[in-house]
Amino acid sequence: MLNKILVIDDEEHMCWALEKGLMQEGYQVFTSTRGKHGLDIIRKETPSLVILDLKMPEMDGLEVLVKAKDLMPKLPIIMITAHGTIDTAIEAMKLGATDYITKPFDLDELKMVIRQALMVNHLQEEVTFLRSELNKKYGQIVGNSQAIHDVCGLIEKVADSNATVLVTGESGTGKEITALSIHQLSSRRDKPFVPINCAALPESLLESELFGHEKGAFTGAVARKLGRFELANQGTLFLDEITEMPLSMQVKLLRVLQEKEFERVGGTDSIKIDVRVIAATNRDPMECIRKGTFREDLFYRLNVLPIHLPPLRERTEDIPLLAMHFIKKFNPSQEQRMSPEAMGLLISYEWPGNIRELQNVIERSIILAQGNEIKPHHLPKEIQKLDEVKNETTHGLIINFPDDGISFDEVEKELILKALEKSNGNQTRAAQLLGITRSALLYRAQKYRLKI
């Protein structure tokens, strides 16, 4: 895309000279001899960069700078100043100017300053874009439960430490999202976040992936390759499914964590690195240690800052929030909601696949619903079966079924009241009597505005 440059200078010959010189470099150039007019051009044309004179009538350069930054906060602005106003130029830098150049100046020097400013701005935009893409890929931590508040509190506490973190939790609970959140809250946020799944690669490939290899190190090594540790230098390396790593590799990893250096496969030079390591597993590390598949010394080296993620069935109060989050994610352009009956089934389900399974269910339901409301029959069969269980639990009850039908909501409300009466107000026991979780009971009570 053609870069647009705006020159704001009250000297017409300066505007003319810069326009001619910069057009030769392939820039699209706009000029203005007045600050207010220059701001109008910024509103209309959204330039890539502004060259702004400090001393101008009506509205001086500093005032234009402040207003331009209000319009476009990330707009690079290069100030032009005379030798006697260097202090003012420094003040301009404090107000957000990218750089300044003093009169008389060499055009080639200005061109170099422009190129550098545009390159830095481009890189900053790229970082912002890549970070947003990373968020889209991994998502974010969503929840209002005490369990999630505790996890988020831990993430904030450990973020700026360089100590290793071990994240445990069942598959689909959000271990990689947690690792990314720690990285993004840390001082390493502008450096790489490099993930690797230790269970996805055989031992021979895993060593090369982690430490890299030299040309000729093995058959097929036609060139030097940098490993994940080098790629993550000054950033964060995320080792997923760490308990699946072969024992021989665990020894090498332990040495790297202790020495902060390693050699590439087939190499002899020691490479020093500065990497924050976050590991994760869906297994019980202590059970793996007892079975002899995971080194105890490596566990204690990784488990400096432990974080455990609860399964979704233990924080069912987060399910409505998560469901709406995924609906907006997969269908942002259309207003869509979950019917109370469908939401009740989601809350009652055990979710063996945790958040990942819920996300897949919502994505599927959105496609099947093709309307404004997701209903029970849009959900997978295993979740719909919960309705059958409800029917079985009510088998044998005497229900006066009038000719003109009955309200399902009224029946459900009455069942909740009966269960609470039988349990003497004990919510956990009432939920057991109804065959649902306590969280599901509280959701339904809130739905029917029952005070329990």
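How exposed is Lys447? Lys447 is partly exposed, with a relative accessible area of 26%. Keep in mind that this is a predicted model. Let's look at the whole chain, and then at a few charged pairs, Lys447's own among them.

**The big picture**

- The protein chain contains 19 helices and 14 strands.
- Its radius of gyration is 31 Å, while a compact globule of 452 residues would come in near 22 Å.
- If you lay the C-alpha trace along its principal axes, the chain spans about 95 × 70 × 40 Å.
- Among contacts with a separation of 6 or more, 70% are between residues 24 or more positions apart.

**Inside and outside**

- Out of 452 residues in the chain, 43% count as buried.
- The accessible surface adds up to about 24,300 Å², and carbon and sulfur atoms make up 51% of that.

**Charges**

- The chain carries 57 positive and 65 negative charges, and the mean positions of the two sets are 3 Å apart.
- Side chains of opposite charge can pair when their charged atoms come close.
- Searching the whole structure turns up 25 salt bridges.

**Lys447 and its partner**

- Lys447 pairs up with Glu412 in a salt bridge, at 3.7 Å from N to O.
- This one ties together distant parts of the chain: Glu412 sits in helix 17 (residues 408-422) and Lys447 in helix 19 (residues 438-447), 35 residues apart.
- Glu412 has 10% relative accessibility, so it counts as buried, whereas Lys447 is partly exposed.

**A pair between strands 3 and 5**

- Lys103 and Asp53 make a salt bridge, and their closest N and O atoms are 3.7 Å apart.
- Lys103 belongs to strand 5 (residues 99-103) and Asp53 to strand 3 (residues 49-53), so to speak distant parts of the chain, with the two positions 50 residues apart.
- Asp53 is at just 4% relative accessibility, and it counts as buried because the cut-off is under 20%.
- There's a wider group here too: salt bridges with shared partners link Asp9, Glu11, Asp53 and Lys103 into one network.

**A pair between strands 13 and 14**

- Glu373 and Arg337 meet through their side chains in a salt bridge of 2.4 Å, N to O.
- Again the pair links distant parts of the chain, with Glu373 in strand 14 (residues 373-374) and Arg337 in strand 13 (residues 337-338), 36 residues apart.
- Glu373 is partly exposed at a relative accessible area of 22%, and Arg337 also counts as partly exposed, at 43%.

Notes:
Residues numbered from 1 in each chain as written. Predicted model: local features only at pLDDT ≥ 70, side-chain atom pairs only at ≥ 80, totals over all residues. Heavy atoms only, no water. Helix = DSSP H or I, 4+ residues; strand = E, 2+ residues; numbered from the N terminus. Rg over C-alpha atoms; globule rule 2.2 N^0.38 Å. Buried < 20%, exposed > 50% of the residue type's maximum accessible area, 1.4 Å probe, protein only. Contact = heavy atoms within 4.5 Å. Areas by Shrake-Rupley, 256 points an atom, 1.4 Å probe, with all protein chains shown as cover. Lys, Arg positive; Asp, Glu negative; His and termini not counted. Charge placed at Lys NZ, Arg CZ, Asp CG, Glu CD. Salt bridge = Lys/Arg side-chain N within 4 Å of Asp/Glu carboxyl O.
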